[in-house]
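Please open the model in your viewer and keep the selection tool at hand. The tour goes from one selection to the next, with a short account of what is found at each stop.

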Amino acid sequence: MKPQVVFVLGGPGAGKGTQCSKIIENYTYTHLSAGDLLRAERERPDSEYGQLIANYIKEGKIVPVTITINLLKQAMEETMKKDEKKFRFLIDGFPRNEDNLQGWNSVMDEKADVKFVLFFDCSNEVCINRCLERGKSSGRTDDNRESLQKRIQTYLQSTRPIIDLYQSQGKVRTVDASRGVDEVFADVKAILDKEG
Ligand code: UP5
Ligand code: MG
């Protein structure tokens, strides 16, 4: 079975991870956060990319896709090897720029089907406030004002055009992510129930 993919996009702190956690409680999807995979790789003692990833994340810049795509591909393959029924994936926080999209297309385009993009739409102000609030306890090196400015900038300059591109192909399902977690999830459910 070819893996079925939903890309989950939205600004920093829009609630991608939160909503993906709720989705996997209710649907047979596997959640793969590109950011979580990169953070895990950063912490792996013999990683040759640890320092590079650490710098990119703190600067709110997008890591070269060769690194990210290998982590994603490996995680997908491992999931499907363990359980062949797990062929539906939520890929959270990817693709974030043109380089990511090209990397996906060259490595994964024929191996997986992208069903649609789930887009959590939220104002920059709400995004920043959520991340600053989380930053009080998250330990994330990028949940501070300086990094957040850069993350928002990168999101607007590099990620929005990717969402727009999918939009022009009729592949974007947009949710107003500025509301409470449960209200957002009610909309997410309606989309997933409809898409099957
Ligand atoms: N919260 C969530 N939903 C809420 C709601 N409806 N109402 C009120 N509060 C809500 O949520 C963020 C915070 O808000 C939490 O405290 C939550 O409780 C609360 P979360 O669900 O974590 O939001 P999410 O959108 O997942 O935010 P995240 O910070 O993870 O988004 P980013 O996209 O910035 O982070 P990510 O981990 O994807 O990427 C980090 C960095 O990794 C990037 O900046 C980049 O440097 C690098 N990266 C790459 O280079 N390439 C990639 O492909 C991916 C990442
Ligand atoms: Mg996240």
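Begin by selecting helix 1 and helix 8, whose axes come within 10 Å and cross at roughly 55°; keep in mind throughout that this is a predicted model. Angles from 35 to 65 degrees fall outside the parallel and perpendicular ranges, and helix 1 and helix 8 are therefore oblique to each other. Their crossing is right-handed. To see where the two helices touch, show the side chains of Thr18, Gln19, Lys22 and Ile23 in helix 1, which meet Val181, Val184, Phe185, Val188 and Leu192 in helix 8. Sorted by class, this contact of helix 1 with helix 8 holds six nonpolar, two polar and one charged residues.

Next, turn to the sheet, and select its strands one after another. Five strands make up an open sheet, in the order 2-3-1-4-5, and their pairing is parallel. Which strands are at the edges? They are strand 2 (30–33) and strand 5, each of which pairs on one side only. If you look along the sheet, neighbouring strands are turned by 25° against each other on average, direction ignored.

Now select strand 1, residues 4–10, together with strand 4, residues 113–121: these two pair in the parallel sense over seven bridges. On the other side of the order, strand 1 also pairs with strand 3, again in the parallel sense, over five bridges. Within this second pairing, pick Phe7 and look for its bridge partner in strand 3, which is Ile91.

Stay with the sheet for one more step and select Phe119 in strand 4, which has Leu9 standing opposite. In strand 5, the bridge partner of Phe119 is Thr174. Strand 4 and strand 5 (residues 172–176) run parallel and are joined by five bridges.

From the sheet, move to the loop between strand 3 (88–92) and helix 5 (98–107), where Pro95 lies. Most peptide bonds are trans. Select Phe94 and Pro95, however, and you will find them joined by a cis peptide bond, with omega at about 0°.

The next stop is ligand 1, so display it with the residues that surround it. How many residues surround ligand 1? There are 31, and the closest are Pro12, Gly15, Thr18, Gly35 and Gly93. The elements that give two or more residues to this shell are helix 1 (16–26), helix 2, helix 3, helix 6 (124–138) and helix 8 (181–195). Colouring the shell around ligand 1 by class would show twelve nonpolar, twelve polar and seven charged residues. Thr18, one of the closest residues to ligand 1, is already familiar from the contact of helix 1 with helix 8.

Two of the elements that contribute to the shell, helix 2 and helix 3, are worth selecting as a pair. Helix 2 (residues 34–43) and helix 3 (residues 50–58) pack at an angle of about 135°, and their axes are 8 Å apart. Helix 2 and helix 3 are therefore oblique to each other, and helix 2 passes helix 3 in a left-handed crossing. Show Leu38, Glu41 and Arg42 of helix 2 with Gly50, Ile53, Ala54 and Ile57 of helix 3, since these residues make the contact. By class, four of them are nonpolar, one is polar and two are charged.

For the last stop, select helix 6 and helix 7 (residues 145–168), which pack at an angle of about 145°, with their axes 11 Å apart. Here helix 6 passes helix 7 in a right-handed crossing. On helix 6 the contact is made by Asn124, Cys127, Ile128, Cys131 and Leu132, and on helix 7 by Arg145, Leu148 and Ile152. These residues divide into six nonpolar, one polar and one charged.

Technical notes:
Residues numbered from 1 in each chain as written. Chains lettered and ligands numbered in written order. Predicted model: local features only at pLDDT ≥ 70, side-chain atom pairs only at ≥ 80, totals over all residues. Axes fitted to C-alpha atoms, helices over the stretch in contact; angles between N-to-C directions. Helix = DSSP H or I, 4+ residues; strand = E, 2+ residues; numbered from the N terminus. Parallel < 35°, antiparallel > 145°, perpendicular 65-115°, else oblique. Left-handed = near helix turned anticlockwise from the far one by under 90°. Contact = placed C-beta atoms within 7 Å. Nonpolar A, V, L, I, M, F, W, Y, C, P; charged D, E, K, R; others polar. Near = placed C-beta within 6 Å. Pairing = 2+ DSSP bridges.
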